Amino acid sequence: NAIWEQTGNISAGFPVYELYTTAGTNVNAIILPPTKLDLQTAEDLAGDIPHATVIYRWDTETQAYEGHVKGSPLNNFELRAWEPYFVSVNGYTEWP
């Protein structure tokens, strides 16, 4: 295991994600920004994004997607800085 620590100033230039639900999909792609490194688990992320219902990631060990349903004790994986995540939402929101 390793500890990752960011130093320096965090720019205000990070994107604000617009997360949508459509007739075709409710899944949106995001990257965990350095302004949200206090979020440690999929449940933390789901709780921080309004209208989030499921957080997905690509598990490199199993070579498959893994999902955590908000409020469930299952698959509450640890988050990693700058990794992509997929967020299923049940309504429009902007984040962070």
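**View 1. Strand 2 has one covered face and one uncovered face.** Asn28 and Ile30 make up the covered face of strand 2, while Val27, Ala29 and Ile31 make up the uncovered one. In a regular strand, side chains alternate between the two faces of the sheet. Strands here are DSSP runs (E, at least two residues) and helices are DSSP runs (H or I, at least four residues), numbered from the N terminus. Strand 2 is joined to strand 5 by 5 bridges, and the two run antiparallel. Isoleucine 30 has tyrosine 85 of strand 5 opposite.

A word on what you are looking at: this is a predicted model, in which local features need pLDDT of at least 70, side-chain atom pairs count only at pLDDT 80 or more, and totals for chains, interfaces and linings use all residues. Residues are numbered from 1 along each chain as its sequence is written, and side-chain values use heavy atoms, with hydrogens and water left out.

**View 2. The whole chain has 1 helix and 6 strands.** Follow the protein chain along its sequence and you meet the pattern β-β-α-β-β-β-β. Its C-alpha atoms fill a box of roughly 40 × 30 × 20 Å along the principal axes. The radius of gyration is 14 Å, which agrees with the value near 12 Å for a compact globule of 96 residues; it is taken over C-alpha atoms, and the globule rule is 2.2 Å times the number of residues to the power 0.38. Of the contacts with a separation of 6 or more, 68% are between residues 24 or more positions apart; contact means heavy atoms within 4.5 Å. Buried residues make up 31% of the 96, where buried means under 20% relative accessible area, exposed over 50%, and partly exposed in between (1.4 Å probe, protein chains only).

**View 3. How confident is the predictor in this chain?** The average pLDDT of the protein chain is 91, and 91% of the residues score at least 70. This score is the predictor's confidence in each residue, from 0 to 100. Among the elements, helix 1 has the highest mean pLDDT (98) and strand 1 (residues 17-19) the lowest (95). Where pLDDT is low, the predicted coordinates should not be read in detail.

**View 4. An open sheet of 4 strands has the order 2-5-3-4.** The pairing in this sheet is antiparallel. Strand 2 (27-31) and strand 4 (64-69) are the edge strands, each pairing on one side only. From one strand to the next, the twist averages 30°; axes are lines fitted to C-alpha atoms, for helices over the stretch in contact, and angles run from 0 to 180 degrees between N-to-C directions. Two strands pair if DSSP finds at least two bridges between them. Strand 3 and strand 5 (residues 84-89) have 4 bridges, and strand 3 and strand 4 have 6. In that last pair, isoleucine 55 stands opposite histidine 68 of strand 4.

**View 5. Is serine 88 of strand 5 buried or exposed?** Serine 88 is buried because its relative accessible area is 10%. Valine 54 has serine 88 as its bridge partner in strand 5. Leaving out residues up to four places away in sequence, serine 88 touches Asn26, Val27, His51, Ala52, Thr53, Val54 and Tyr56.

**View 6. Isoleucine 49 sits in the loop between helix 1 (42-48) and strand 3 (52-59).** With a relative accessible area of 0%, isoleucine 49 is buried. Beyond its neighbours within four places in sequence, isoleucine 49 is in contact with Leu19, Ile30, Val87, Thr93 and Trp95. Glutamate 83 is 34 residues from isoleucine 49 in sequence and 16 Å away in space, C-alpha to C-alpha.

**View 7. Two loop residues, glutamine 63 and tryptophan 82, have a positive phi.** Most residues other than glycine have a negative phi, and most peptide bonds are trans. Glutamine 63 lies in the loop between strand 3 and strand 4; this hairpin has 4 residues between the strands, and the phi of glutamine 63 is near 55°. Tryptophan 82, in the loop between strand 4 and strand 5, has a phi near 70°. Tryptophan 82 counts as partly exposed, at 45% relative accessibility.

**View 8. A cis peptide bond joins tryptophan 95 and proline 96.** Omega of this bond is about -5°. Proline 96 is in the segment after strand 6 (93-95).
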